[in-house]
Amino acid sequence: MQAVILAAGMGKRLGELTKNNTKCMVKINGISLINRLLEQLSKLSLNKIIIVIGYEGEKLKNYLGYSYKTIEIEYIENPIYNKTNNIYSLYLAKEKLLEDDTILIESDLIFEDSIFTLLEQSSYPNVAVVAKYESWMDGTMVRIDNENNIINFIPKKAFRYEDIALYYKTVNIYKFSKEFARNQYIPFLEAYIHALGNNEYYEQVLRVITILDNCNLKALILNNEKWYEIDDIQDLDIAETIFSNDNERLSKYQQRYGGYWRFPGLLDFCYLVNPFFPPQKMKDELRSNFDKLLMEYPSGMKINSLLIAKYFNIKQNYVCVGNGAAELIKSLMSQLNGKIGIISPTFEEYPNRKSTNDIITFYPQNKNFSYEIKELQTFYENKNISSLLIVNPDNPSGNFIPPKELLTLAQWTKNKNIQLIIDESFVDFSDASTNNTLLQDNILEEFTNLIVIKSISKSYGVPGIRLGVIASADTNLINFIKKDVSIWNINSFGEYYMQIFGKYESDYKLACQKFIQERERFYQQLTKISYLRIIPSQANYFLCEVYSPYTSRSITELLLNKYNILIKDCSNKKGFNHKNYIRIAVRSKFDNDQLVSALNHLSPKL
């Protein structure tokens, strides 16, 4: 067995990183792609490694030399690398393919060692490594039959999004027998280049063979094995996260603040959404209008305020819609004068917008971080605060204050000339669900000191659209915020979602009831985990205390590194004093059961 590595390309999309270096010299977490690949190859039983070089090829030769450990390295030069594609690089190595069975690899890949092990152990002489199509993948796809025979190669031009359920992506790792090379691949390769030129991809030859001949090329389907192809700086960034060491991986994920759909197989129990809404029909309606929404301007603030007012059935002049609640929080906090009362721990977007000198913090004095209205009134009675913030249910504790008690607090703060800010982003998950909202005209009009904020991302399950709302009968404040945010702060997809929501409002209420049932079931499962103490919650997450032998950090790292599950380590949040607490989102039954299974596997053996 030998290996052929294609490394002639220029890698222009990597910019400065390949200005004076070939792409395979780019480093991921301090190790170049070529060094990682050669180390992996050195563990196989290989007679030789052939590298097809082109752009900055001499630098690569000088760097690697003519052997790696005990394996000989031979070079083939592509002198017209800037005018050809990888079909020509492989054509230049055609005589080598006749000498031995060959593992063919492209040099811009990073992957787990286990992929080579699977390839080496495969009993089939001719194999293409493939992975089920995911949205981040680009390039050549294949279709396979029930016996894993590759029946067609799908180039970019023939790609159809309506067929993605049938597609597998080529990982660009192959195993060819010398008989296959001699009798099928090389004859077709020569004919293809002669007929269509050398600015093509070598997979096109495989496509022709599958159409015209029985090529007996099997698909080796990856399951959870990690791999990534490096074409540009975004690929590089993602690969550095996926292939970071166990001690660094968690921090790399945390620094991204979302976008986890780019990472195959990752289960996100960190960010908080409703797993039961929107319904499929609503998603289909949005999808059917995609072209129009993509290519047309959205409306301005006046129309979108009208839509959000209709959404919550409140007066238009009492409400402003935001690009997520975060945009509205930033604008609001910039207008708050004097000191603000904040409970800790809580959602830190609010205190992060104020100087610590302007914050008077209430710390609940119990292990569940729960509190009641009377405690807050007693604590703040003699404190010089101008505003008071309540996140209800609170994040991350899940503490919930019923609406009747909140209105008592609203009257108390009104009498003391204090603005009361209620963030009810999670209130629809509480036991009485949508009946607990304060987004009602009569309430806002009675308590003009009341400001209600709600993130539509959380309970409505549409964080990608980015919508939030702020409401108050203090129209001067609302008018300021409307002018403070951009006139086109909501895109057309968000606008259309608000426009059609009314048709699906009954589905939403049903989704909230389904969620409450699943939360209770999930809670019962979690309470059986010996090293966790689960704090009851009225939100879509649980705060959990972590017991020995684990810490909040260690259990978070273990879940990510061993099971590709991301949870929230709360130990560094304000109010926890580095004690061992984690937050776990409530997802679908299927996802929740996967997390419970992982936690059970980590249970200490007695």
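Let's start with strand β17, residues 340-343, where both faces are covered. I340 and I342 sit on one side, G341 and I343 on the other, and all are buried. Buried here means under 20% relative accessible area, exposed means over 50%, and partly exposed lies in between, with a 1.4 Å probe and protein chains only. Strands are DSSP runs of E, at least two residues; helices are runs of H or I, at least four; both are numbered from the N terminus.

Before I go on, the ground rules. This is a predicted model: local features need pLDDT of at least 70, side-chain atom pairs count only at pLDDT 80 or more, and totals for chains, interfaces and linings use all residues. Residues are numbered from 1 along each chain as its sequence is written, and side-chain values use heavy atoms, with hydrogens and water left out.

Back to β17. What does it pair with? Strand β18, residues 359-362, is one partner: the sense is parallel, over four bridges. Pairing needs at least two DSSP bridges between the strands. Strand β19, residues 387-391, also runs parallel to β17, joined by three bridges. Look at G341. It stands opposite I360 in β18. G341 also stands opposite L388 in β19.

Now a second strand, β23, residues 532-535. Again both faces are covered. L532 and I534 are buried on one side, R533 and I535 on the other. The partner is β24, residues 541-546, antiparallel, over four bridges. The two form a hairpin, with five residues between them. Within that pairing, R533 stands opposite E545.

Let's zoom out. The protein has 606 residues, and 55% of them count as buried. There are 22 helices and 27 strands. The C-alpha atoms fill a box of roughly 90 × 60 × 45 Å along the principal axes. The exposed area is about 27300 Å², and carbon and sulfur atoms supply 48% of it. That area comes from the Shrake-Rupley method with a 1.4 Å probe; for residues, only the protein chains shown count as cover.

Contacts next. A contact means heavy atoms within 4.5 Å. Take the contacts between residues at least 6 apart in sequence: 74% of them join residues at least 24 apart.

On to charge. How many positive and negative charges are there? The protein has 69 positive and 69 negative, and their mean positions are 4 Å apart. Lys and Arg count as positive, Asp and Glu as negative; His and the chain ends are not counted. Each charge is placed at NZ of Lys, CZ of Arg, CG of Asp or CD of Glu.

Side chains of opposite charge can pair when their charged atoms come close. The rule for a salt bridge is a side-chain nitrogen of Lys or Arg within 4 Å of a carboxyl oxygen of Asp or Glu. By that rule we get 33 salt bridges.

Three pairs to look at. First up, K61 and E58, with N to O at 3.6 Å. Both lie in helix α2, residues 57-64, three residues apart, about one turn of the helix. K61 is at 18% relative accessibility, so it counts as buried. E58 is at 46%, so it counts as partly exposed.

Next, E99 and K96. Their closest N and O atoms are 3.7 Å apart. E99 is partly exposed at 43%, while K96 is buried at 16%.

Then R519 and D431, a salt bridge at 3.2 Å, N to O. This pair links distant parts of the chain, 88 residues apart. R519 is in helix α20, residues 505-526; D431 is in the loop between β20 (419-423) and α16 (441-446). R519 is buried, with a relative accessible area of 5%.

There is also a network: R13, K23, D108 and D231 are linked by salt bridges.

K23 turns up again beside T18. Where is T18? In the loop between β1 (2-7) and β2 (27-28). T18 is buried, at 3%. Neighbours within four places aside, T18 contacts M10, G11, K12, K23, V26 and Y55.

Last residue: L97, in helix α4, residues 94-97. Is L97 buried or exposed? Buried, at 3%. With the same neighbours set aside, its contacts are Q2, V4, L90, T102, K178, A181 and I186. One distance to finish: the C-alpha atoms of L97 and L293 are separated by 51 Å, and the two residues are 196 apart along the chain.
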